[in-house]
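Subject: The structure I promised you

Hi,

Here is the structure for you to look at. Open it up next to this message, and then read on for what turned up in it.

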Amino acid sequence: MTLAIVHTRAGLGLEAPEVQVEVHLSNGLPSMTLVGLPETAVKESRERVRSALVNAGFEYPLRRITLNLAPADLPKEGGRFDLPIALGLLLASGQLPPGCLEATESVGELALDGALRRVEGVLPLALAARRAGRRLIVPRANADEAALAGELEVLPADHLLDVVAHLLGQAPIAPHRLSHPPAATRPLPDLAEVRGQFQARRALEVAAAGSHNLLFAGPPGTGKTMLASRLPGILPPLTDDEALEVAAVRSVSGLPLRAEWGRRPFRAPHHTASAVALVGGGARPRPGEISLAHHGVLFLDELPEFPRHVLEVMREPMESGRIHIARASHERRYPARFMLVAAMNPCPCGHLGDPRQACHCTAAQIQRYQSRLSGPLLDRIDLQVEVPALPPEQLTANQPGEDSATVRSRVLAARERQLARGALNAHLAGRELETACGLSAPDRAWLAEVLERLKLSARAYHRVLRVALTLADLAGVTRPEREQLIEAVGYRQLDRLLKG
């Protein structure tokens with residue numbers, strides 16, 4: 001047999017399109033031609049594969065070799081194609097029996113002695129192989145990651161010799177199973193540790209219940225960061241499908257998967273982060289912080305300290321729940337359905353409106369500081385809450401607040417009502433939102449008057465409705481009433497919060 005086809009997959013973000021490694025041996029001077037849009041690391045596989053075959057004791061075909069990675073217009077990068085290329089050469093040269101790889105996909109980088117090294121982004125590939133109904137051969141270092149895909153036959157190997165022995169039936173490889181289900185072990189911070197700040201705690205519960213964006217504004221040291229870090233503890237655990245989506249993003253980013261399995265991500269980039277670090281990109285596009293926070297929380301502390309152009313790139317993903325990165329030679333799509341939680345001081349010194357200490361900023365400094373946040377960005381933040389300085393007697397009181405487990409139970413009940421309607425309130429579309437709210441004529445007239453007085457945009461109006469609907473879900477009523485509408489409108493008055 002002089003023609004062989006081996007199945008593998010490329011890595012394009014969270015997508016893993018199928019690639020067929022076609023190997024043809026023909027007469028002529030010994031050479032190897034690699035075609036199919038390979039990048040530098042793939043072209044270098046020729047030398048790695050040659051050395052691996054020779055050092056493992058196999059015969060390297062001294063013929064004219066043509067390797068085609070099909071489809072030809074799909075970019076291929078990395079060392080993941082080493083193992084499929086080596087198996088294709090063995091199959092085409094008759095060192096492996098025909099048909100032994102028909103229902104098998106393989107991936108792995110080869111060392112010069114034939115040992116298999118781990119590659120990044122195996123989980124999306126494993127999920128795609130499962131959908132295709134094929135088994136998957138991977139380096140042993142990737143076995144646990146591939147096994148997360150569930151109903152997939154994962155065959156781990158340490159060396160090229162192990163793979164060949166399995167295909168020849170000499171030493172079959174036992175399918176890999178996880179020794180124990182993945183589970184997070186690190187305890188989450190508890191909301192009971194937060195003293196006072198009842199309005200901020202209420203806003204945190206509302207945000208968790210409806211998946212709303214949230215902004216804390218107040219002087220330094222009032223507990224804004226502490227409150228934000230307690231949000232994951234009151235959110236429901238990830239579903240199995242959501243956990244796989246989160247793990248897939250971490251897989252292509254080269255991050256460990258099992259340490260935080262089942263927990264909603266909490267990402268807190270520094271304010272010096274670039275736009276590429278936040279939304280993704282680069283010469284080889286990779287996920288940014290908004291994608292690593294998918295199904296979880298993106299916390300931006302000191303929000304006005306982020307460059308304005310960095311914050312503005314988040315506006316479209318906040319609405320769509322995904323990010324599309326387009327470059328001259330690359331195109332990637334990553335999920336980005338996250339909750340934005342931000343914290344800021346009201347002025348550069350942080351003490352505007354603080355009864356403990358006078359503010360020394362000029363009006364121009366305050367205006368310049370606050371103008372770093374654009375109106376369209378603030379429009380997308382549903383809850384804008386003041387976090388004032390605590391009075392000394394409340395700060396020193398030895399009385400714990402309500403714990404995370406109690407708050408989480410109310411959040412879960414509210415989310416169950418929303419999912420029965422079809423989606424979380426933060427993701428409801430216009431017509432569905434209006435139907436779910438079902439406001440009475442007097443409430444509509446009152447809300448119209450409030451919108452006119454506060455000069456709120458159409459986007460802000462819909463976000464007020466979403467928050468009011470979440471408040472109704474927490475209260476256990478079917479429709480938002482005037483009480484919920486008043487509270488929802490109160491969360492939109494950022495000018496009052498900042499200017500005291």
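Start at His295, in the loop between α12 (289-292) and β14 (297-300). Keep in mind as you look that this is a predicted model. His295 has a positive phi of about 65 degrees, although it is not a glycine. Is His295 buried or exposed? Its relative accessible area is 16%, and the cut-off for buried is under 20%, so His295 counts as buried.

Ser211 is another spot to click on. Its phi is positive too, near 60 degrees, and again the residue is not a glycine. You'll find Ser211 in the loop between α7 and β10. With 12% relative accessibility, Ser211 falls in the buried class.

Now for the strands around there. β14 belongs to an open sheet of five strands, in the order β11-β14-β17-β10-β18, and the pairing is parallel. Which strands sit at the edges? They are β11 (266-267) and β18 (383-386), each of which pairs on one side only. Between β10 (residues 214-217) and β18 there are four bridges in the parallel sense, and Ala217 stands opposite Glu386 in β18. Helix α7 packs on this sheet: it touches β10, β17 (339-344) and β18, and its direction makes about 165 degrees with that of β18.

Helix α7 (residues 198-210) also meets another helix, α21. Their axes come within 9 Å and cross at roughly 95 degrees, which means that α7 is roughly perpendicular to α21. On the α7 side the contact is made by Arg202, Glu205, Val206, Ala209 and Gly210, and on the α21 side by Val467, Thr470, Leu471 and Leu474.

Next, the insides. Nonpolar side chains tend to be buried together in soluble globular proteins. Here the largest nonpolar core has 47 residues, and the ones that touch the most other members are Leu214, Phe216, Leu231 and Leu447. Which helix gives this core its largest share? That is α21 (residues 458-475), with eight residues. If you click on Leu447 and ignore residues up to four places away in sequence, you'll see that Leu447 touches Leu439, Tyr461, Val464, Leu465, Leu485 and Val489. There is also a second, separate core of 43 residues, and Met32, Leu155, Val163 and Leu167 are among its members.

Met32 is worth a closer look. You'll find Met32 in strand β3 (residues 31-35), and it is buried, with a relative accessible area of 11%. Its C-alpha atom is separated by 4.5 Å from that of Ile65, although the two residues are 33 apart along the chain. Leaving aside neighbours within four places in sequence, Met32 is in contact with Arg46, Tyr60, Ile65, Leu67 and Leu89.

One of those partners, Leu89, is part of helix α3, where it is buried. How many residues of α3 (residues 82-92) are buried? The count is 11 of its 11 residues. After α3 comes Gly94, which has a positive phi near 85 degrees. Ahead of α3, in the loop between β4 (64-70) and α3, is Pro71. A cis peptide bond joins Ala70 and Pro71, with omega at about 5 degrees.

Then there's a charged-type side chain to check out: Arg9, in strand β1 (residues 3-9). Arg9 counts as buried, at 6% relative accessibility. What does its side chain reach? One partner is the backbone oxygen of Ala16, at 3.0 Å. Another is the side chain of Glu105, in a polar contact of 2.9 Å. Not counting residues up to four places away in sequence, the residues Arg9 touches include Pro17, Phe81, Leu125 and Arg134.

Last stop, a pair of strands. In a regular strand, side chains alternate between the two faces of the sheet. You can see two faces in β15 (residues 322-326): Ile323 and Ile325 are on the covered face, while Arg322, His324 and Ala326 are on the uncovered one. β15 runs antiparallel to β16 (residues 331-335), and five bridges join them. Look across from Ile323 and you'll find Tyr334 in β16.

Have fun clicking around!

Conventions: Residues numbered from 1 in each chain as written. Predicted model: local features only at pLDDT ≥ 70, side-chain atom pairs only at ≥ 80, totals over all residues. Heavy atoms only, no water. Buried < 20%, exposed > 50% of the residue type's maximum accessible area, 1.4 Å probe, protein only. Pairing = 2+ DSSP bridges. Polar contact = N/O pair within 3.5 Å; in protein donor to acceptor, adjacent residues only side chain to side chain. Contact = heavy atoms within 4.5 Å. Core = buried A, V, L, I, M, F, W, Y, C linked by side-chain atoms within 4.5 Å. Axes fitted to C-alpha atoms, helices over the stretch in contact; angles between N-to-C directions. Parallel < 35°, antiparallel > 145°, perpendicular 65-115°, else oblique.
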